[in-house]
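This briefing introduces a protein structure for a reader who is beginning the subject. Please look at the sequence and the structure shown here before reading the points that follow.

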Amino acid sequence: MAELAVDKHVKYILAVEKNKDSFESVVMDHLRMNGAYWGLTALDLLGKLDSVNVDEVISWILKCQHESGGFSGNIGHDPHILYTLSAVQVLALFNKLDVLDIDKVATYITGLQNEDGSFSGDMWGEVDTRFSYIAICCLSILCCLGKINVEKAVSYILSCKNLDGGFGCTPGGESHAGQIFCCVGALALTGSLHYVDKDLLGWWLCERQVKSGGLNGRPEKLPDVCYSWWVLSSLIMIDRVHWIDKEKLVKFILDCQDVENGGISDRPDDAVDVYHTYFGVAGLSLLNYPGLKAIDPAYALPVDVVNRIFFSG
Amino acid sequence: MDLLNQLETILESDPLIDEVGLIHPSQFITLSKECSESSNSSADGAFRPANTKFWNRDHKLGISTEILLPVCKAAKSAFMDAMEQYKTHSDLSVNKHEDKNMVYPSSSCQSFESEVMKHSRALLLLSCDLGTAWNARKLVVSKKQQLPMFTDELHLSALVLSYSHKSEQAWSHRRWVIKMIAGKYSNLQQIIAKESELVEKIAERSKMNYRAWNHRCWLVSYMTREQMLYELKKSRDWAGLHVADNSCFHYRRRLMLGISENKQGDDPSYDVENYQVVKEELDLNEALIKRYIGREALWLHRRFLSLCLIRHWMTTTDGISCHSTSMANEINIFLDKELCLLDPCSTIQDMEFEDFEAQAIYSTMYFLWLIKQIPEFRKIELQEKLKAGNLKNILHKTCPERSFLWDVLEL
Ligand SMILES: [Zn+2]
């Protein structure tokens, strides 16, 4: 079997930042904060986080913070909860959470909780269970989960559960592996996993594995490396990961590498990108691939980073 | 005239543009030829054979791939500048609010606003997921509170969706607009119907589009019972033609749940109608399962329908205990019938056809799933049926990698 081309991937991730004049990089510019999280977490899992300039990253992140306490995807853009979590996660990676005015960030997030317990992504009010996960994950990292109404947040998430055991964006929304990760993650972080029928949900999740060994995100879809993360982390959190063929999945992910220039794509022979590179590496980490740091399935951060937050304070 | 200016002029001169696409430079020549053949007058204002950057005819807009990067950059910086000025200006006018003699006349405020609207429109056509640009439009429009402006937003986001079917921001912008006008203007039901049509149009061109169908599911919460029944009827044929599209079947599930939850008063005729809705869907599903072999979405849909039916029997024998004989009978007959669906699968010896192999797996998993979902007190009886149906052997034969699920059932 092919091996993980660690050095090539490190090189690829570091190079992505420098290529700023393609159309792709211009239209992705507004979500640079997410890109930073994907790239830097992948680097950390690969054991190469020390190859970036910490001060540069931190000062850029702080320039993306707004008066409201929220962060934007890049300088000059509007804040959104999506980028706020990425900013907090990157600061956690570098052990720099102390540069934050934690109350300010927490106030931004608590302000986005609605009457029914759901969360809006920003002041314009779009609601999605993804935002519930983000709020809960972010506040947990900042050790102030008590600032929101957790009970209501949990009951909103449960209202998005479908008869197939999966979860959607809003009540009645179609089950989707990405949304399931968010809902299961949020329930795990709030100690509410007992509300989930683990066999039923595990059933739906393990049916995502297709013949090639890869996982898809919904029925009848093609397998995609990023679902290695969404499906696998959910299976781990509900203790059903032995329901899929792990070896076949490892092989599928490794087949999606560009072994010459580095990077991982969604499917074998497609074009690589940072997003799938991160999820490929994170998936392999969940599968205990040798040489990679372990990643926490709920926080989506390396386990040593999570331990540092909770056990060294 | 610079590129951005050209683009914005076209957008202003032809407000009815309903489709945008990218054109490779070589295609301009082909398009020009086709054009001069079809129309004798080359003096047609919209027809610019000399222009190899933009193509605008019959309310369609083509943008050359060659200029994508420069025009996108120009639009972005123009938008950012306009937004900066607009914000500075509105901060000032807020501060001066008590003083009736504002420093800035309202006309200058309007010119800032129209700059923001002009540049954000061009920018969003080139970079559709730029949330900040959508937000800027929300800000301006919400200050004005005029129906035509809200309608314009629906038009712009439809235009973006015409080429970027999955743009999350464009879909979200529509929901924002609808929430803003819901309740204020009485044409809500009409808007919902139109939205539903838009989703169907886009779903036709972009298969299994989660964002589009999610939008349609969201609409259900605004629908009346009649509308839900109508939508269910209307999407029936579409579902039959797109049997792999799980999202469409999910939409139907959402409608059925909406219908069953919609009980004004205690009208018993609703119960009958609800039962009929599920029953009809089950028949349709069976026909499709037999016509299209090995489609996962169809079998998953059946799981839902069967569960609904079983639950229906268990709740409608109200007052009587759940051991009521009529209910037990109904469920028995139903399960016997479902078990027949397994027969062809157990007899297929030759698994070399992929579709048949898939059919065998999905049908086996369907039945196992049903057992898991069936209430405890039914299980002993079921076990007898299963022995007769030889389900365990079929499971080991068709999908050994899922054999562990047998143990999960604890039969
Ligand atoms: Zn993917």
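**Briefing on the predicted model**

In chain A, the side chains of Lys293(A) and Asp44(A) form a salt bridge, with 2.8 Å from N to O. This pair joins distant parts of the chain, its two residues being 249 residues apart. The structure is a predicted model, and over all chains it holds 34 salt bridges.

**The salt bridge within chain A**

- Lys293(A) lies in the loop between helix H13 (274-286) and helix H14 (303-311) of chain A.
- Asp44(A) belongs to helix H3 (residues 32-45) of chain A.

**The interface of chain B and chain A**

- On the chain B side 52 residues are in contact with 42 residues of chain A.
- About 4200 Å² of area is buried between the two chains, and carbon and sulfur atoms give 54% of it.
- The rule finds 8 salt bridges across this interface.
- A salt bridge also joins the side chains of Glu220(A) and Arg295(B), at 2.5 Å from N to O.
- Polar contact links 22 residue pairs across the interface, both residues being at pLDDT 80 or more.
- Elements of chain B that give two or more residues to the side touching chain A include helix H3 (68-95), helix H14 (296-316) and helix H17 (354-373).
- The residues on that side of chain B comprise 24 nonpolar, 10 polar and 18 charged ones.

**The zinc ion**

- The protein donors of the zinc ion are Asp224(A), which is listed with two OD entries, Cys226(A) through SG and His276(A) through NE2.
- These donors lie 2.1 to 2.5 Å from the zinc ion.
- Along the chain, the donors follow the spacing D-x1-C-x49-H.
- The arrangement is irregular because the 4 donor atoms subtend angles of 56 to 117° around the zinc ion.

How values were computed:
Residues numbered from 1 in each chain as written. Chains lettered and ligands numbered in written order. Predicted model: local features only at pLDDT ≥ 70, side-chain atom pairs only at ≥ 80, totals over all residues. Heavy atoms only, no water. Contact = heavy atoms within 4.5 Å. Buried area = accessible area lost by both parts, 1.4 Å probe. Salt bridge = Lys/Arg side-chain N within 4 Å of Asp/Glu carboxyl O. Polar contact = N/O pair within 3.5 Å; in protein donor to acceptor, adjacent residues only side chain to side chain. Helix = DSSP H or I, 4+ residues; strand = E, 2+ residues; numbered from the N terminus. Nonpolar A, V, L, I, M, F, W, Y, C, P; charged D, E, K, R; others polar. Donors = N, O, S within 2.8 Å, 3.2 Å for Na, K, Ca; no water. Tetrahedral: all angles 85-135°; square planar, octahedral: opposite > 155°, others 65-115°.
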